[in-house]
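Me: Got a model open here and I'd like to talk through its interfaces. Can you take a look with me?

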Amino acid sequence: MSEGISRREAIVRTAKAAGGLLAASAVGTLAFDRGGLDVERRTGKRVVRDFGVPREGNLDLVVARHGEPEALVRKAIEAMGGMRRFVSRGDKVVIKPNIGWDRIPLQAANTNPVVVATLVELCFDAGAARVTVTDASCNDPRRCFQRSGIWRAAHARGATVVLPVERAFRKMRLGGEVLDEWPVYTTLIEADKVINAPIAKHHNLAGYTAAMKNWYGCLGGRRNRLHQSIDVSVADLATFMRPTLTVVDAVRVLVRNGPQGGSLDDTRRMDTLIASVDQVAADALGCTLIGRTKDDLPYLRLAEGRGIGTTDLTRLRMREIEVA
Amino acid sequence: MKPRPVIRTLVWLRRLVQGTCLVLFLFLLYRTEFRGTFGAGANEPVRLPYPVEAFLQADPFVAVMTFLSTHTIYRGLAWSIAILALTLVFGRVFCGWICPFGTLHHVTAWIRPKSKGLQRVKANLTKGWQRLKYYLLVVFLAAAVTGSAIGGIFDPICVMVRAVGLTVMPAVNYVADRALGRIDASNVRTLQQAADGVHGALQEVLLPYRQYNFHEGWLIAVLFVAIVLMNRVIPRFWCRALCPLGALLGWLSRFALFGMEKDHSKCTDCNLCLVHCQGADSPQGGVKWRQDECHVCFNCEAACPEKVIEFRFFPSRKSQLDSAELDRRKVLATAAAGAALLPVTRVADSLDVNYHDRLIRPPGAVEERSFLERCIRCAECMKVCPTNALHPALFEGGIEALWTPILIPRIGYCEPSCVLCGQVCPTGAIQKIDERQKLGIGQPPIRLGTAFYDQGRCLPWAMDIPCIVCEEFCPTSPKAIWVEPVDRTNREGQRVHLQRPRVDPDLCIGCGACEKVCPVQDRPAVYVTTVGETRSKTNVILLENTSYTSAE
């Protein structure tokens with residue numbers, strides 16, 4: 001006679017078998033994949049980042065000419081009503097220069113480091129709690145940040161200089177005409193105030209670029225596709241990013257071979273700086289530095305049509321100052 | 001009886017030195033990456049702050065091999081004389097004390113050993129196959145004499161740099177990225193901030209600045225893991241059987257002043273010495289000690305309860321064997337095989353004919369034949385390249401060029417003002433050029449190749465869509481990529497203004513920036529091939545650059 005198993009063991013084994021089957025069924029039901037080619041649906045709400053401050057009673061745009069970079073920035077900001085107009089005590093400020101290229105300051109492909117450093121200092125003087133300087137570079141960021149001179153200059157004035165890292169880019173819904181969902185560089189937009197600090201330069205496809213095109217630096221992903229519709233994408237970006245203040249460095253200007261240059265022969269010393277609360281106006285004025293007019297730049301017309309700013313400089317409270 | 005205090009001290013000292021050297025090696029490898037600093041001014045040349053290639057420069061196998069192929073000792077390789085000197089005094093202390101790969105084997109064979117007792121004693125008996133490494137050394141040195149530094153494939157330091165630098169470190173970063181990325185995706189703000197903080201901190205001490213990928217790196221990883229796992233079967237299999245550096249130092253150790261003396265009469269055949277032996281060098285009584293296999297770890301003397309073993313200067317040579325007893329015919333045969341390597345590989349179609357169009361060498365690389373004389377495939381250049389442009393070749397340059405550096409522009413382009421690959425190259429395969437030489441300030445620039453358009457894929461050419469990202473990224477001044485303005489009517493009947501890009505072969509430096517940024521994702525519409533590279537007098541397009549005045 002064979003030895004049977006105990007009743008207890010029989011029950012336990014049956015229960016285990018039943019439990020296993022139940023678990024498998026549960027997984028099969030819950031994780032069932034129907035298949036098919038469902039495309040990811042856009043869910044996020046459209047995001048606009050407006051860091052603007054009220055405009056009443058002050059100038060909208062100042063052009064400072066003929067002076068050392070530091071003096072140009074100080075005088076221009078002073079004429080705009082001082083940095084206190086833009087930065088309040090305890091603010092977290094982000095300054096976004098152009099740190100796109102592995103070039104030294106003389107080559108004028110990146111924003112002048114003295115301009116950036118002076119802005120950092122003015123922000124702290126106005127009571128900023130923290131000033132972050134960053135950009136999503138085109139060339140290797142470590143080289144761009146160091147060789148542009150911006151890392152050292154901004155750090156010396158107490159700024160937090162942040163190298164862009166992959167994890168800082170998060171998908172957002174810009175809701176633009178060509179730019180809908182894109183990875184956005186969050187370090188740039190997690191702030192109370194944002195100062196756009198581009199450098200004016202020649203660009204073969206867009207003609208002239210400075211303020212509005214500088215927002216390419218807040219995108220990650222496949223930026224190389226934007227060129228296929230450069231004017232609309234620039235306008236889309238400027239719709240998304242509305243800075244507190246725009247400061248266009250035109251101390252040295254790339255007049256050809258932009259946006260990288262590479263030779264001193266490509267640059268011309270202009271000792272000029274534009275401060276503006278209207279980024280469209282800043283570009284409408286800036287493009288005249290390299291002999292273009294606002295009609296040469298379709299992205300200006302697009303931006304104006306969307307009410308981001310104006311290209312009609314007569315409608316602005318504007319002043320030109322001689323610094324030297 | 002307890003071992004002499006000096007031996008116990010030496011064993012601990014050895015462990016300390018081993019740990020220190022391994023950590024130092026890993027630190028230098030980790031810092032074989034330009035991090036950038038706020039301390040440097042804009043005009044300071046970009047260089048690495050540490051001598052990251054130090055271990056390779058101290059490697060006598062690299063020095064001897066490249067001396068035989070080039071008849072010169074390249075710069076820092078002179079440091080290898082220090083290791084030679086050490087070996088001539090103490091024997092193979094490099095293997096037992098310094099070599100980071102050796103320490104890795106030591107540790108993997110020691111942690112929870114698979115074999116115990118008698119099994120382990122047997123595993124540590126001297127075996128005939130330990131001679132294999134000497135034959136390998138002969139093969140590689142003979143190949144070096146004929147002009148190939150292919151032995152670098154088996155150099156232990158090269159193996160470590162290549163495997164850890166190109167596969168282990170990037171893999172660790174990949175895992176960290178994915179794990180922290182999961183937390184990042186949680187959309188809980190505090191969690192995200194914590195993950196970002198952890199990630200940022202790790203990037204300061206452990207992780208690289210970005211994710212690097214390497215061409216067919218899996219092969220390097222698989223071989224590395226296999227070699228390391230061999231320790232579970234045969235302790236220190238690599239060191240005993242394969243390592244050509246160990247063989248070279250073993251051969252030299254016959255002249256060492258320091259060594260072991262055995263008092264056979266005291267031996268009780270307890271075999272405790274063999275349980276802990278690293279080199280399988282017959283430390284036990286009754287047989288002759290093999291100085292050339294000994295790593296001088298002192299484990300045997302520390303374990304010996306009967307004072308049979310004593311390490312000392314000028315030991316009596318009675319109880320030792322200082323040669324590996326190689327078979328002369330086999331040595332001649334392997335030397336012939338090594339010497340035959342070069343003609344066999346070169347009559348294939350990789351060098352003199354049908355040179356691969358994508359065998360783009362790093363900036364400052366010497367002419368291909370000299371390059372193969374020098375390149376030890378240590379992968380320092382690939383590890384340091386900030387744009388991840390340099391990769392270990394598979395068979396693009398034939399079997400002879402396995403794991404030598406090639407530039408794959410689609411993954412990363414050559415940053416025009418960067419000269420770090422030359423800075424870290426220990427053998428001068430990539431020369432130490434400066435920025436002025438590379439950019440061509442007051443001299444012709446260094447060209448890696450030439451860019452070409454595939455007009456059937458290029459947006460303005462084939463599809464009447466504006467683009468010219470390539471032109472924007474072209475770093476030369478004036479730009480090598482120029483645009484031809486055209487007005488076209490597209491299919492919908494709209495007028496489109498287009499700029500169609502073209503390459504000026506006179507200005508193109510072959511950096512590959514255009515290829516890297518081309519928006520045609522899978523196969524770019526602009527690509528670089530090697531033709532026009534500065535280092536070659538024959539791989540040329542233009543008549544004006546063709547000259548037979550120099551010896552070729």
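**Domains and interfaces**

Reply: Sure. Chain B splits into domain 1 (1-28 + 53-345), domain 2 (354-445) and domain 3 (450-529). Keep in mind that this is a predicted model.

Me: OK, start inside the chain. What distance separates the centres of domain 2 and domain 3 of chain B?

Reply: Over C-alpha atoms, the centres of domain 2 and domain 3 of chain B are 26 Å apart. Their contact involves 12 residues from domain 2 of chain B and 16 residues from domain 3 of chain B.

Me: And how much area is buried between those two domains of chain B?

Reply: About 1,100 Å², with carbon and sulfur atoms giving 57% of it. On the domain 2 side, B:Pro409, B:Arg410 and B:Tyr413 lose the most area to domain 3 of chain B, together 54% of what that side buries.

Me: Any charges in play? How many salt bridges are counted between domain 2 and domain 3 of chain B?

Reply: The count is 1 salt bridge. B:Arg358 and B:Glu515 meet through their side chains in a salt bridge, at 2.6 Å from N to O. There are also 9 residue pairs in polar contact across the interface of domain 2 and domain 3 of chain B, both residues at pLDDT 80 or more. As for make-up, the domain 2 side that touches domain 3 has 8 nonpolar, 1 polar and 3 charged residues.

Me: Switching to the chain-chain interface. How many residues does each of chain B and chain A put into the contact?

Reply: Chain B gives 50 residues and chain A gives 41 residues. The area buried between chain B and chain A is about 3,900 Å², and carbon and sulfur atoms give 46% of that. In chain B, the residues losing the most area to chain A are B:Phe38, B:Tyr209 and B:Glu472, together 19% of what that side buries.

Me: Same follow-up as before: how many salt bridges between chain B and chain A?

Reply: 6 salt bridges. One of the salt bridges pairs B:Asp184 with A:Arg170, where the closest N and O atoms are 3.8 Å apart. Polar contacts between chain B and chain A come to 30 residue pairs, both residues at pLDDT 80 or more.

Me: Which helices of chain B each supply at least two residues to the side that touches chain A?

Reply: Helix H10 (189-205) and helix H22 (469-473) of chain B. H10(B) supplies the largest share of that side, 6 residues.

Me: And how do the residues on that side of chain B divide by type?

Reply: The side of chain B that touches chain A has 24 nonpolar, 15 polar and 11 charged residues.

Key:
Residues are numbered from 1 along each chain as its sequence is written. Chains are lettered from A and ligands numbered from 1 in the order in which they are written. This is a predicted model: local features need pLDDT of at least 70, side-chain atom pairs count only at pLDDT 80 or more; totals for chains, interfaces and linings use all residues. Side-chain values use heavy atoms; hydrogens and water are left out. Contact means heavy atoms within 4.5 Å. Buried area is the accessible area (1.4 Å probe) that two parts lose on being put together, summed over both. A salt bridge is a side-chain nitrogen of Lys or Arg within 4 Å of a carboxyl oxygen of Asp or Glu. A polar contact is a pair of N or O atoms within 3.5 Å; within protein, one must be able to donate a hydrogen and the other to accept it, and residues adjacent in sequence count only if both atoms are side-chain atoms. Helices (H or I, at least four residues) and strands (E, at least two) are DSSP runs, numbered from the N terminus. Ala, Val, Leu, Ile, Met, Phe, Trp, Tyr, Cys and Pro count as nonpolar, Asp, Glu, Lys and Arg as charged, and the others, Gly among them, as polar. Domain bounds come from an automatic or database domain assignment.
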